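Me: Please present the structure, and then take me through its helices, its core and its charged pairs in a series of questions and answers.

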Amino acid sequence: MLNERLAHSFFERQEEAHKLAGGLAALSRRATLYRHLYLASRGNHTFPLIAAHGALWSGGYFRFGMSLGSVLSWQYFGRPERRRQQQEKLVEFADVFREINRRVCIDSYVNFHFSREFGQHANASDFIPSELLDPLNRMHAAIAADRELSEREKQIVFEAHFRHEQAHVVGPTLIEAVQAFDWPLVREIALRPRIRFAYFPGRTTMQFCNFASQAERLEKGMTAFTLAAQVGWSNVDAALRLYRVLPDAYFSAPFAYFNQLRSSILAMS
């Protein structure tokens, strides 16, 4: 009976998260969802805050990529059918990244709420791997004690969550997409993004050599955490305004805004 209760709660959270995360293009909605998890953790769960920056930054990157792809497709001038096929492949490749963002958002929402409710149950690791569950449980214990985690403790939670997503969501999906994307020039450009989140100090950027490399993604992810810790988490949160995507109402009354958004989405679905 306990396992049935856990399974029911887990899949109920998944269903809710799928609705809240929206479609492939709903990057701003997912940024809202990510930030809500950070605020709900009282600043202890930093992974979703940095993921919110990733979602908002990627909107501009996708627009740039589509424009560049349109220009580069003229290498097939005189072969209109081939040009159309390559443009369609680029859209499909970009959609893989959007779907990864969507799935990571769903996973983050489910893991946070499920572990908060059932993390201490003996069978909880049947749904969340223990290497992620244990740090999440320590985080929830700190929240319950009204204690802010140390920077080292926040890093442990962040790294556990980041590694989990890379191993179970990002890596397998990305490798398959890269292998299927038959446009070498654009593929090479797409896998070498220069990332600059709004909270990065000065002119700091992160240049990828190969985004398909899990080792490099892990390295850059930890760099993003280190930079955020140096800047200060309140400043990282405030920097979300700089993308000029999320409404002012969400910053002035974040919980009321999110609760209203959640209620309206669930009511419509």
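The exchange below concerns a predicted model.

Me: How many of the residues of helix 2 are buried?
Reply: Helix 2 covers residues 27-40. Its buried residues include Leu-27, Arg-30, Tyr-34, Arg-35 and Ala-40. Helix 2 is therefore mostly covered, because a residue counts as buried when its relative accessible area is under 20%, and the number of buried residues is 12 of 14.

Me: What distance separates the end C-alpha atoms of helix 2, and what span should its 14 residues have?
Reply: The expected span is 1.5 Å times one less than the number of residues. For the 14 residues of helix 2 the expected span is 20 Å, and the model agrees with this, because the end C-alpha atoms are also placed at a distance of 20 Å.

Me: Which residue just after helix 2 takes a positive phi?
Reply: Most residues other than glycine have a negative phi. The exception here sits in the loop between helix 2 and helix 3 (47-72). Its phi is near 60° and it is not a glycine; the residue is Arg-42.

Me: Where does Asp-146 lie, and what is its phi?
Reply: Asp-146 belongs to the loop between helix 5 (130-144) and helix 6 (151-180). Although Asp-146 is not a glycine, its phi is positive, at about 55°.

Me: Is Asp-146 buried or exposed?
Reply: A residue counts as exposed when its relative accessible area is over 50%. Asp-146 has a relative accessibility of 61%, so its class is exposed.

Me: Which residue meets Asp-146 in a salt bridge?
Reply: The N to O distance in this salt bridge is 3.0 Å. The two partners are 104 residues apart in sequence, so the pair ties together the loop between helix 5 and helix 6 and the loop between helix 2 and helix 3. The partner is itself exposed, with a relative accessible area of 52%. The residue that meets Asp-146 is Arg-42.

Me: Which residue forms a salt bridge with Arg-98?
Reply: The closest N and O atoms of this pair are 2.7 Å apart. Both partners lie in helix 4 and are 3 residues apart, so about one helical turn separates them. Arg-98 is buried at 15% relative accessibility, whereas its partner is partly exposed at 25%. That partner is Asp-95.

Me: Which residue forms a salt bridge with Glu-99?
Reply: Glu-99 and its partner both lie in helix 4, with 3 residues, or about one turn, between their positions. Glu-99 is partly exposed at 25% relative accessibility, while the partner is buried at 15%. The closest N and O atoms are 3.8 Å apart, and the partner is Arg-102.

Me: How many salt bridges does a search of the whole structure find?
Reply: The pair of Asp-146 and Arg-42 is one of them, and the pair of Arg-98 and Asp-95 is another. The search of the whole structure gives a total of 13.

Me: Which helix gives the largest share of the largest nonpolar core?
Reply: This core has 80 residues, and those with the most contacts inside it include Ile-50, Phe-93, Trp-233 and Leu-240. Leu-240 touches Leu-49, Ala-52, Leu-56 and Phe-251, among others. The largest share of the core is 13 residues, and it comes from helix 4 (residues 80-118).

Technical notes. Residues numbered from 1 in each chain as written. Predicted model: local features only at pLDDT ≥ 70, side-chain atom pairs only at ≥ 80, totals over all residues. Heavy atoms only, no water. Helix = DSSP H or I, 4+ residues; strand = E, 2+ residues; numbered from the N terminus. Buried < 20%, exposed > 50% of the residue type's maximum accessible area, 1.4 Å probe, protein only. Core = buried A, V, L, I, M, F, W, Y, C linked by side-chain atoms within 4.5 Å. Contact = heavy atoms within 4.5 Å. Salt bridge = Lys/Arg side-chain N within 4 Å of Asp/Glu carboxyl O. Lists of a residue's contacts leave out its neighbours within four places in sequence.
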